[in-house]
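Me: Hi! I am new to this structure and would like to go through it with you, one question at a time.
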2 protein chains.
Amino acid sequence: MRLYDYFRSSAAYRVRIALNLKGLTAERAFVHLRKGEQRGESFLALNPQGFVPALVTDEGAILTQSMAIIEYLDELQPRPSLLPGDAAQRARLRALAQLIACDIHPLNNLRILKYLKQDLALEQAQIDGWVTHWIAEGFAALEAALGPTAGPFCVGNNPTLPDVILAPQVFSARRFNVEMKPYPTIRRIAANLDAHEAFAAAHPMSQPDTEVGN
Amino acid sequence: MRLYDYFRSSAAYRVRIALNLKGLTAERAFVHLRKGEQRGESFLALNPQGFVPALVTDEGAILTQSMAIIEYLDELQPRPSLLPGDAAQRARLRALAQLIACDIHPLNNLRILKYLKQDLALEQAQIDGWVTHWIAEGFAALEAALGPTAGPFCVGNNPTLPDVILAPQVFSARRFNVEMKPYPTIRRIAANLDAHEAFAAAHPMSQPDTEVGN
């Protein structure tokens, strides 16, 4: 397998975590988003959307969209399962993951912040307000949703799909200085994720292409 | 099963389509989003996020997030499959669905448009520009991604998960008067979806709670 990756991409970070949890290794190719390599001809031939991550399977299939890639990895290597349980339990795990991946993350990625700044000419304070508003609204919903079943991880005693999606969102929230006090469950789980080897090894600040600063 | 529904919610519309494709019926409860019923105590007790759809299963599990609900329905009633094929083919179907559900839809729903208008005090022309920008960018990516495998439907001869997600997005694009000429593949598929009984029966304009106008 070959993973097209960028250290600071939240979506690529999710896939790195899933690979580590599964004990799978992928060859790595780095696409420098700040330099615009995702819009270069060679990468667009692979993924016309110009987004990382992309995963090329051993059979040569090109997979895109991080949650789809992670479900592929979960089918390829079922243990440890990222979606354990019966159909309703699996739906709950997917729903927690999608609360982050559909309702929080899409509002705060690089292309959106660029549009707010360049196309709408918003002030930096308005852009910061936008980011913190959507993360705070999403984390409040997630905190409530986690309540009934959270253990050391989002659901129970082992990391599952929502934990894989949560760690990069918490990393992003910290970068944007979002106040985490109102979310004790998320903070507790995030501390456990920080300490977990598979998550630590996937961290944006410890990748081969990591750059410090902006 | 009981579906908490609102005729114009794109996410609820997806679940209605999936139920119809599976030949499943659910009792319906209507949550009037324009009147703010999603923020009422009784609905928040069910889904603290205050979003429709929610599905209460026959065993009493409360499911949220439309794609998670649809995968639940696909596991509950495997035929006809919304995710046919091997792991890589399933990943491709999920990726096409997520291109819409993660990269287009979240940017244009009601709470975002409200924030642009009320919190950022943008002009209506800027808000319209925002909506058409993200739908156009997303549809361009989808058109390119569909190219290799589109048949009468997104992938092959039968509706699958991406078709379930596409129909509501096309409905939304038409409402916002997005120019559809640049997307011949999407237009062709959308015409087939319009003509398909399961999709037509789920259409926002033909539900028990449908209201005409805004």
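Me: Over residues 1-81 of chain A, how far apart are the end C-alpha atoms?

Reply: Happy to help! This is a predicted model, where local features need pLDDT of at least 70, side-chain atom pairs count only at pLDDT 80 or more, and totals for chains, interfaces and linings use all residues. Residues are numbered from 1 along each chain as its sequence is written, chains are lettered from A and ligands numbered from 1 in the order written, and side-chain values use heavy atoms, without hydrogens and water. An unreviewed UniProt entry lists residues 1-81 of chain A as "domain: GST N-terminal", in the numbering used here and perhaps inferred rather than shown by experiment. That stretch is 37% helix and 17% strand (DSSP runs: H or I of at least four residues, E of at least two), and its end C-alpha atoms lie 20 Å apart.

Me: What area is buried between chain B and chain A?

Reply: Chain B and chain A each bring 39 residues to the contact (heavy atoms within 4.5 Å). Buried area is the accessible area (1.4 Å probe) that two parts lose on being put together, summed over both. Carbon and sulfur atoms give 65% of it, and the total is about 3700 Å².

Me: How many salt bridges are there between chain B and chain A?

Reply: A salt bridge needs a side-chain nitrogen of Lys or Arg within 4 Å of a carboxyl oxygen of Asp or Glu. Arg90(B) and Glu75(A) form one at 3.0 Å, N to O. Between the two chains the count is eight.
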